[in-house]
Amino acid sequence: MTQAVLKNQTTELTPRNGLQAEERESVAEAVSESLADTYRLFITTQGLHWNVQGPLFYSIHKLTEEQYRDMFSAIDELAERIRALGFPAPQTVKELTEGSQVPEPDAHADLKEQIQALIEGNELIAKNLRDAVWKAEQKGDVKTADLLTHRIGVHEENAWMLRATIAS
Ligand SMILES: [Fe+2]
């Protein structure tokens, strides 16, 4: 999927980091997909943080806070990586979340199902990131590959912690 936001280069000087324009564009597109996924999961994780209630309130409230704060920082890093590669970062909510398949939890579902949706979101992101890392490595962009590889570990850990919280 091509993100419209990447269609134009910025008016800044072109980065000369040894990557060809097509290579930078391809990697920037992969980063923008990861950004869209992360942004959607950030929103839904914070939504559960606000609305959780019941016996698991404290643990879920605290865990989701750690997770959405981390994603808030990651969103910034991912967007700035797109800029460093020479492309505009997304600027509107529509652009930021375009194309993401991260599931929206049903706010009326029971808590376990809502947490399950966050687990699925984290696992989907980890899976998509793995493809993005492969793409960045193919293009020789080790810096982007490193950033995205780190994010895989975070999302796999998020999924584990959420799963452990609702395990019987
Ligand atoms: Fe809070």
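The dialogue below walks through helix packing, nonpolar cores and one histidine in a predicted model.

Trainee: How do the axes of helix α1 and helix α2 cross, and at roughly what angle?

Mentor: A useful start is to compare the directions of the two axes, because an angle over 145 degrees counts as roughly antiparallel. Here α1, residues 21–51, and α2, residues 57–84, have axes that come within 8 Å and cross at roughly 155°, which makes α1 roughly antiparallel to α2. The crossing of these two helices, α1 and α2, is left-handed, and the residues of their contact divide into 16 nonpolar, 9 polar and 2 charged.

Trainee: At what angle do α4 and α5 pack?

Mentor: The reading goes the way it did for α1 and α2, beginning with the axes. Those of α4 and α5 lie 8 Å apart, and the helices pack at an angle of about 160°; α4 and α5 are therefore roughly antiparallel to each other. In its passage over α5, α4 makes a left-handed crossing, while the residues of the contact between α4 and α5 comprise 15 nonpolar, 6 polar and 7 charged.

Trainee: Which residues have the most contacts inside the largest nonpolar core?

Mentor: For a core, one asks which residues belong to it and then which elements supply them. The largest nonpolar core in this model has 27 residues, and those with the most contacts inside it are Val31, Leu35, Ile82, Ala136 and Leu148. Two or more residues come from each of α1, α2, α4 (111–138) and α5 (142–166), with α1 giving the most, namely 9 residues. Apart from this core lies another, of 6 residues, among them Leu48, Ile115, Leu118 and Leu162.

Trainee: Which residues does Leu148 touch, not counting residues up to four places away in sequence?

Mentor: With those sequence neighbours set aside, Leu148 touches Ser34, Leu129, Ala132, Val133 and Ala136. Of these partners, Ala136 is also listed with Leu148 among the residues having the most contacts inside the largest core.

Trainee: And where is His61 placed, and does it count as buried or partly exposed?

Mentor: For a single residue, one looks at its element, then at its neighbour count, and then at its contacts. His61 is in helix α2, and because it has 15 C-beta neighbours inside 10 Å, His61 counts as partly exposed. Leaving aside its neighbours within four places in sequence, His61 is in contact with His49 and Val52. As for separation, His61 and Glu156 are 95 residues apart in sequence and 19 Å apart in space, C-alpha to C-alpha.

Notes:
Residues are numbered from 1 along each chain as its sequence is written. This is a predicted model: local features need pLDDT of at least 70, side-chain atom pairs count only at pLDDT 80 or more; totals for chains, interfaces and linings use all residues. Axes are lines fitted to C-alpha atoms, for helices over the stretch in contact, and angles run from 0 to 180 degrees between N-to-C directions. Helices (H or I, at least four residues) and strands (E, at least two) are DSSP runs, numbered from the N terminus. Angles under 35 degrees count as roughly parallel, over 145 as roughly antiparallel, 65 to 115 as roughly perpendicular and the rest as oblique. A crossing is left-handed if the near helix is turned anticlockwise from the far one by less than a right angle, and right-handed if clockwise. Ala, Val, Leu, Ile, Met, Phe, Trp, Tyr, Cys and Pro count as nonpolar, Asp, Glu, Lys and Arg as charged, and the others, Gly among them, as polar. A nonpolar core is a set of buried Ala, Val, Leu, Ile, Met, Phe, Trp, Tyr and Cys residues joined through C-beta atoms within 7 Å. A residue is buried if 20 or more other C-beta atoms lie within 10 Å of its own, exposed if 12 or fewer, and partly exposed in between; C-beta atoms are placed from the backbone. Two residues are in contact if their C-beta atoms, placed from the backbone, lie within 7 Å.
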